[in-house]
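Colleague: I'd like to learn how to read helix packing and chain contacts from a model. Could you walk me through one?

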Amino acid sequence: MSDDVLWTAVVVASIGCYLLKLAGMSVPAAWVEQPWVARIVDFVPAALLAALVAVQGLTSDDRIVVDGRLAGLAVAALALALRAPFIVVIALAGATGAGVHLLAG
Amino acid sequence: MSAPARSRTLRDAVGLGLAVGFYGIAFGAASDAAGLDVWQTMTLSLLMFSGASQFALVGVIGAGGSAPAAVGSALLLGTRNTVYGVRMAPLLAPRTVLGRAGAAHWVIDESTAMAVAAPGRELGRLAFWATGGTIYLGWNAMTLVGALGASGLGGAAEAALDAVVPAAFLALLWPRLTAAGSTEPRAQRRVTLGGAVVALALTPFVPVGVQVIAAVVAVALAGRPRTAERPA
């Protein structure tokens, strides 16, 4: 991706995300409080984050790839189940990824 | 409002803000690993200022996805701030257009949660501004540290960063699957499984990043009919 395209993506997405916040402060509450709207908005983050976990952890280009990232995810899940703070989870996953890289040489 | 209640609200808000701001270091490092320069990374933290959307944008770009797919993922995650804004508008009741524009920038998960949890409107406002302000400063400072610190790392460090991004998404997702973080943890788990399965299944067939958006649309459409039957 060229630098111009990258900058455009950064600026457009930033302005878009800001306008989404501003829209909430500005629209009549009744518009957004429709039950089906509320339900979709409630579920979008989980679906999106799950898709991102899967794609970032298990794919490379158009292939499914198993490597240190999956080991990192497993360690992160264990840490989260034990209620470790975010930064500890991240550090453990990173250390696991680096460890697998070193072991796999 | 009483002085002890006020200082307790301030202490909680600033404490949470500092802790959350610290995650900025993970974002700065992930953004650098995805190929964004320091200025682009800082533009995201200063202007977009919504952690999950920022991670989504750099995650899709880092995976080789197209700009529209990256922007689309960030915007999809940004929609929940719209709902927070609806909830915050009567509480903050900004009197001027400028006040509204300023308040909107800090409407994120944590500032909304702290404001809603605070007892009473005055404390709610205080919690919103204190949490939002602390996170804004901490998040941007730590983003810079992460972005600068990550440049020029070797292979093992890059492997570490590769593992950090999916783990960060998992950590953002996790509270939504527990009874403490969601009113419908079981439905959220079904949504999670659906999103992951659809995204992986589509990966060989669509451009990078598109499967993420397709998964969200598929799950949202699948979830919609049930809402009609469910009493509000």
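**Reading a two-chain model**

Modeller: Sure. Let's start with one residue: A:Gly94 is found in helix α5 of chain A. Keep in mind that this is a predicted model.

Colleague: Is A:Gly94 buried or exposed?

Modeller: You count the C-beta atoms around a residue, and 20 or more within 10 Å make it buried. A:Gly94 has 27 such neighbours inside 10 Å, so it counts as buried.

Colleague: And which residues does A:Gly94 touch, not counting those up to four places away in sequence?

Modeller: On its own chain there's A:Gly72, and across in chain B there are B:Ala160, B:Leu161, B:Ala163 and B:Val164. A:Gly24, on the other hand, sits 70 residues from A:Gly94 along the chain, and their C-alpha atoms are separated by 36 Å.

Colleague: Now the helices. At what angle do the axes of α4(A) and α5(A) cross?

Modeller: Look at how close the axes come and at the angle between them. Here they come within 8 Å and cross at roughly 150 degrees. An angle over 145 degrees counts as roughly antiparallel, so α4(A) is roughly antiparallel to α5(A). The crossing is right-handed.

Colleague: Which residues make that contact?

Modeller: From α4(A), they include A:Gly68, A:Ala71, A:Gly72 and A:Val75; from α5(A), they include A:Val89, A:Leu92, A:Ala93 and A:Gly94. By class, the contact residues of the two helices divide into 11 nonpolar, six polar and one charged.

Colleague: Let's zoom out to the two chains. How many residues of chain A are in contact with chain B?

Modeller: For an interface, count both sides, then ask which elements supply them. In this model, 70 residues of chain A are in contact with 84 residues of chain B. The largest share of chain A's side, 21 residues, comes from α3(A). That side has 50 nonpolar, 14 polar and six charged residues.

Colleague: Can you give me an example from another helix?

Modeller: Try A:Ala9, found in helix α1 of chain A. A:Ala9 has 25 other C-beta atoms within 10 Å, so it is buried. Leaving out residues up to four places away in sequence, A:Ala9 touches B:Leu57, B:Ala67, B:Ala70 and B:Val71.

Colleague: Last one: which residues of the largest nonpolar core touch the most other members?

Modeller: For a core, look for its best-connected members. Of its 109 residues, those are A:Ala47, A:Ala51, B:Ala30 and B:Val164. Beyond its neighbours within four places in sequence, A:Ala51 is in contact with B:Gly195, B:Ala196, B:Ala199, B:Val212, B:Ala215 and B:Val216. B:Val164 you've already met, as one of the residues that A:Gly94 touches.

Notes: Residues are numbered from 1 along each chain as its sequence is written. Chains are lettered from A and ligands numbered from 1 in the order in which they are written. This is a predicted model: local features need pLDDT of at least 70, side-chain atom pairs count only at pLDDT 80 or more; totals for chains, interfaces and linings use all residues. Two residues are in contact if their C-beta atoms, placed from the backbone, lie within 7 Å. Helices (H or I, at least four residues) and strands (E, at least two) are DSSP runs, numbered from the N terminus. Ala, Val, Leu, Ile, Met, Phe, Trp, Tyr, Cys and Pro count as nonpolar, Asp, Glu, Lys and Arg as charged, and the others, Gly among them, as polar. A nonpolar core is a set of buried Ala, Val, Leu, Ile, Met, Phe, Trp, Tyr and Cys residues joined through C-beta atoms within 7 Å. A residue is buried if 20 or more other C-beta atoms lie within 10 Å of its own, exposed if 12 or fewer, and partly exposed in between; C-beta atoms are placed from the backbone. Axes are lines fitted to C-alpha atoms, for helices over the stretch in contact, and angles run from 0 to 180 degrees between N-to-C directions. Angles under 35 degrees count as roughly parallel, over 145 as roughly antiparallel, 65 to 115 as roughly perpendicular and the rest as oblique. A crossing is left-handed if the near helix is turned anticlockwise from the far one by less than a right angle, and right-handed if clockwise.
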